[in-house]
Amino acid sequence: MSVVSAPERTEAVTVSSVVGNEPILEVKGLKMYFPISEGVVFTRKVAEVKAVDGISFHIRKGETFGLVGESGCGKTTTGRCILQLEQATEGQIFFDGVNIAELDRRELSALRQKIQVIFQDPYSSLNPRMKIGEIIGEPMRVHGIEPDADKRHARVAELLSICGLDPKFADRYPHEMSGGQRQRVGIGRALALNPEFIICDEPVSALDVSIQAQVINLLEDLRDEFGLTYLFIAHDLSVVRHLCHRVAVMYLGKIVELAECDELYDNPIHPYTQALLAAVPVPDPEIESKREHKVMKGEVPSPINPPSGCVFHPRCPLAVEGCRSVVPELREIKPGHWVACTEV
Amino acid sequence: MAKLLELEDLRTQFFTTAGTVKAVDGVSYDIEAGETVGIVGESGCGKSVSALSILRLVPDPPGKIVGGKILFMGRNLLELSDVEIRKVRGHEIAMVFQEPMTSLNPVLTIGRQITETLEQHMGIDRQEADARAVELLGMVGISDAERRLKQYPHHFSGGMRQRVMIAMALSCEPKLIIADEPTTALDVTIQAQILELMKDLTRRLGVALIIITHNLGVVARYADKVNVMYAGKIVEKGSARQIYHNPSHPYTIGLLASVPRLDHKRGTKLVPIEGQPPDLTLLDQGCAFRPRCRFAEDICTREIPPLEEVGGGQYSACWQKDKLSQPAPAAS
Ligand SMILES: Nc1ncnc2c1ncn2[C@@H]1O[C@H](COP(=O)(O)OP(=O)(O)O)[C@@H](O)[C@H]1O
Ligand SMILES: Nc1ncnc2c1ncn2[C@@H]1O[C@H](COP(=O)(O)OP(=O)(O)O)[C@@H](O)[C@H]1O
Ligand code: SF4
Ligand code: SF4
Ligand SMILES: [Mg+2]
Ligand SMILES: [Mg+2]
């Protein structure tokens, strides 16, 4: 496997003081290939979707690690592998130094309390027939924490107010709430078990600007108050810059660049990252009138038959002949700044 | 310059069991030939309904245009017969929607959909229409046009379908294109491709463009003038520079302070607008933004603020519009 494991050598990165040095999560050489089958009685595999194709990164305690890229690049699949909702094709995932594939059922249940998830769509991720109080209390019930109903209700009320909702909302149903309120419920549910690590998969993408800012601030406050670590998955590059300590950019199942947040945005090195950032408009007509609006050609190819060599070569302005055959490795170009391109 | 389109006090309402939704509540603005106007505002504020009203496409029932005028090159579109308005649609004013799949017919080839409109509106024969279709696809950057025209919509990616919609919108040489969230469903690099294409073509052909979006960046990049909508009304309008550099309505100020920016360092503070937009069936006699407004005074509960000029062609609908420059109270 031609993947350099980025985690081990990134100590030189400076991040804010609350971030520890020891990794809470390590992903090594993760691959997730989905088989495409044909036939009804005798199914046979005819192709594979290379959703995640050999990625490595680590996340430190207290850190918010951003995973960005356009739709279909493998962000959600990466999160699902960490949550053990997908059986990885290859590679390992370590949480607190323990390989999670080797846990028995009891240990896995304990792990499931420590790792929680917040989804994009507050509409579809909440059971419409359950009251808000039941939704938030459910993880506690399932894991046998706080079996006492009164204490559970008190905890639900506390979680609601932590998330900026009136405890009276416990008696309402999801359809009686706005999108922003539902997302707060999703956050409350994720916090119910006092997790250490939360995977936020596009948590603010469905929200309007003013509500989005409320939820972003809430996520930041909770991070500081409870010392949470986030894997923050999003396609919105501005939101990611605002929130994350370090950021990895994905393209067709691979990490093409990984760096400390401001470094990545101020000095993008990979041609894909550069094109991605150039495409994002800034809410300032003065600045926009001075920017060069170069657009990247083409569209993302299918992950079923990804291009040979560097998967970005058909769209890359810097591509040379060798890019068709050589798979570029993630190299540390500056301390803590990793790029997968042979030409930079 | 002569106005191409003038909306005067447009009112569109929906009569539902939950009450009357004042979706568009006294909207006035105008567009000159060849100009690009952005309409921004959060979901439910009436952007789409105001656009659909221009072409009289609001579903009736439950919707009805209950007042106002829509003057297009001097004619009031609200007074045209059904036959006449159908001629305006597609021919003089074209629309591009967020989800092109819903406006394309899945069982007709792309080529047939383009040539059908051409034959209908432009009165040209099949052969001429075929040639024109090839030319149009080339214009919107779809290569291998002859082969692509024989394909069906599902063979096209989201970005390619939107290119087809733009080709169809341009096919009858309209004076105005209304694009309602044309790139909201697309990835950012494809969004940039589509918006650049629309800008180039509309500028080159002198077509005016109304671009409706919730994305403040898109408007900053492409619009000459901006209308900011809130709860069915335009609360502020002006040139893009005025709106972004000297916002004169508390809602606009709030939006700009809420949005994370690509060019701001990590951790730059966001100041959200607290609360949420009002239910459009429950509007009262005061300013609809009042419950979320940190500048509100007594008068704001009693009377709806009129949209008035603050200077240089910039308008704001706010009783305190002249007092907004004082430092805002610190965010809690
Ligand atoms: N269960 C699945 N079976 C087959 N393909 C899948 C499955 N889940 C995801 N994919 C494919 O894997 C790729 C990555 O998907 P995803 O991780 O959801 O991307 P992202 O979250 O970055 O948009 C996409 O091409 C998607 O269609
Ligand atoms: N067919 C309809 N029936 C009832 N209400 C509607 C209908 N279409 C739109 N509305 C209401 O009109 C208001 C404005 O909607 P719309 O113009 O679609 O908002 P925007 O495009 O700004 O998101 C909203 O409150 C919406 O719920
Ligand atoms: S390796 Fe080649 S194709 Fe890939 S990003 Fe670098 S220059 Fe472009
Ligand atoms: S009129 Fe009053 S409530 Fe409305 S925006 Fe102005 S200050 Fe705020
Ligand atoms: Mg996803
Ligand atoms: Mg709309």
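**Exercise 1. Determine the strand order and the pairing in the open sheet of chain B, and find which strands stand at its edges.**

Solution. Begin with the order: in this predicted model, the open sheet of chain B has four strands, arranged β2-β1-β4-β5 with antiparallel pairing, where helices (H or I, at least four residues) and strands (E, at least two) are DSSP runs numbered from the N terminus, and two strands pair if DSSP finds at least two bridges between them. Then turn to the edges: β2 (19-32) and β5 (75-76) of chain B each have a single partner strand, so one side of each is left without a neighbour in the sheet.

The numbering of residues runs from 1 along each chain as its sequence is written, while chains are lettered from A and ligands numbered from 1 in the order in which they are written. Because the model is predicted, local features need pLDDT of at least 70 and side-chain atom pairs count only at pLDDT 80 or more, whereas totals for chains, interfaces and linings use all residues; side-chain values use heavy atoms, with hydrogens and water left out.

**Exercise 2. Trace the bridges that β1(B) makes to β2(B) and to β4(B), and identify the helix that packs on the sheet.**

Solution. On one side, β1(B) is joined to the antiparallel β2(B) by eleven bridges, and these two strands form a hairpin with two residues between them. On the side of β4, eight bridges join β1 (residues 3-16) of chain B to β4 (residues 63-72) of chain B, again running antiparallel. B:Leu7 illustrates both pairings, since B:Leu7 stands opposite B:Tyr29 in β2(B) and has B:Ile70 as its bridge partner in β4(B). A further pair is B:Phe14, which stands opposite B:Gly63 in β4(B). Helix α1 (residues 47-54) of chain B packs on this sheet, touching β1, β2 and β4 of chain B (contact means heavy atoms within 4.5 Å), and its direction makes about 115° with that of β1(B); the axes are lines fitted to C-alpha atoms, for helices over the stretch in contact, with angles running from 0 to 180 degrees between N-to-C directions.

**Exercise 3. Locate the cis peptide bonds that involve B:Pro61.**

Solution. As background, most peptide bonds are trans. A cis bond joins B:Asp60 and B:Pro61, with omega about -5°, and the bond from B:Pro61 to B:Pro62 is also cis, with omega near 5°. As for their place, B:Pro61 lies in the loop between α1 and β4 of chain B, and B:Pro62 is in the loop between α1 and β4 of chain B.

**Exercise 4. Establish where ligand 3 and ligand 4 sit, and classify the residues around them.**

Solution. Ligand 3 sits in the largest cavity and ligand 4 in the second largest; a cavity is, on a 1 Å grid over the protein atoms alone, a set of points where a 1.4 Å probe fits but cannot get out, and a molecule sits in it if more than half of its atoms lie within 2 Å of its grid points. The residues around ligand 3 include A:His270, A:Cys310, A:His313, A:Cys316 and A:Cys341, a residue being near if one of its heavy atoms lies within 4 Å. This shell divides into eight nonpolar, three polar and one charged residues, where Ala, Val, Leu, Ile, Met, Phe, Trp, Tyr, Cys and Pro count as nonpolar, Asp, Glu, Lys and Arg as charged, and the others, Gly among them, as polar. Around ligand 4 there are 13 residues, of which B:Cys287, B:Cys293, B:Cys300, B:Cys318 and B:Gln320 come nearest, and the shell has ten nonpolar, two polar and one charged residues.

Definitions and conventions: On a 1 Å grid over the protein atoms alone, a cavity is a set of points where a 1.4 Å probe fits but cannot get out, and a pocket is an open set with protein on both sides within 12 Å along at least five of seven lines; lining residues have an atom within 4 Å of a point.
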